[in-house]
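Here is a short report on one structure. Look at the sequence and the model first, then read on.

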Amino acid sequence: MTRFSLTPLAAGVWAAIVLSPAVRVGAAAQVGVREPAQVTIVGNDYAFVAVPDTVAAGKTLLSFENRGKVRHEMSVTLFKPGATVEQALQLGFPAAQRLMDRIIGILVVKPGDTSGGQLYVELQPGRRYMLVCTLKDQPDAQPHVQLGMIASFVVR
Ligand SMILES: [Cu+2]
């Protein structure tokens, strides 16, 4: 026996390792698993631009592209039913948090770059999601949301 030969048990383990990806692919195809949709939101100084009015429901990966000259964030939250951007602006931040059902996550992107990661969310039909940037260029400056960096979309 050389030191490289496999025992029957080790050979069985190798067979399982080699076979398991194919088995998983077959199972996924049978139940109709699909890739998440990809949605990229673009921001500049100081707005989210060309945000779609509606986005399809379901598993989605959100990215954020910063075309501005300063650092921006895209904070994504699920509004409570009926809540709007106008109401959030009237309340101001952080008081507007009372309008939020759930925080989805946040992407922070340096100028001229696209987020290195994505937010995974299962978008719920009939619900509205808010996008906001609360960063400031200086400690005593207005937060970007006050300069117009807030938007929302509805899921259909
Ligand atoms: Cu910003």
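## The nonpolar core

This is a predicted model. Its largest nonpolar core has 24 residues. Those touching the most other members are Ile41, Met74, Met130, Leu131, Val132, Met149 and Ile150. Several strands feed this core. Strand 4 (58-66), strand 5, strand 6, strand 8 (119-123), strand 9 and strand 10 (150-155) each supply at least two of its residues. Strand 9 gives the most, with 4 residues.

Take Leu131 from that core list. Leave aside its neighbours within four places in sequence. Leu131 is then in contact with Ile41, Phe48, Val51, Met74 and Val76. Ile150, Ala151 and Ser152 are also among its contacts.

## The sheet

Five strands form an open sheet: 5 strands in the order 3-10-9-5-6. The pairing is mixed. Strand 3 (54-55) and strand 6 (100-109) are the edge strands, and each pairs on one side only.

Strand 5 covers residues 72-79, and strand 9 covers residues 128-132. These two run antiparallel and are joined by 4 bridges. One residue pair to find is Thr77 and its bridge partner in strand 9, Met130. Met130 also appears in the core list above.

## Met100 on an edge strand

Met100 is in strand 6, one of the edge strands. Is Met100 buried or exposed? The answer lies in between: Met100 counts as partly exposed because it has 18 C-beta neighbours inside 10 Å. A buried residue would need 20 or more.

What does Met100 touch, not counting residues up to four places away in sequence? The contacts are Thr77, Leu78, Phe79 and Lys80. Ala83 offers a distance to check: Met100 and Ala83 are 17 residues apart in sequence, and their C-alpha atoms are 8.0 Å apart.

## Unusual backbone spots

Most peptide bonds are trans, and most residues other than glycine have a negative phi. Some places in this model depart from that pattern. The bond from Asp45 to Tyr46 is cis, with omega near 5°. Tyr46 sits in the loop between strand 1 (37-44) and strand 2 (47-49). Another cis bond joins Phe93 and Pro94, with omega about 10°. Pro94 is in the loop between helix 2 (85-91) and strand 6.

Ala50 is not a glycine, yet it has a positive phi of about 55°. Ala50 lies in the loop between strand 2 and strand 3. Ala50 counts as exposed because it has 8 C-beta neighbours inside 10 Å.

Conventions
Residues numbered from 1 in each chain as written. Predicted model: local features only at pLDDT ≥ 70, side-chain atom pairs only at ≥ 80, totals over all residues. Pairing = 2+ DSSP bridges. Core = buried A, V, L, I, M, F, W, Y, C linked by C-beta atoms within 7 Å. Buried ≥ 20, exposed ≤ 12 C-beta atoms within 10 Å, placed from the backbone. Contact = placed C-beta atoms within 7 Å.
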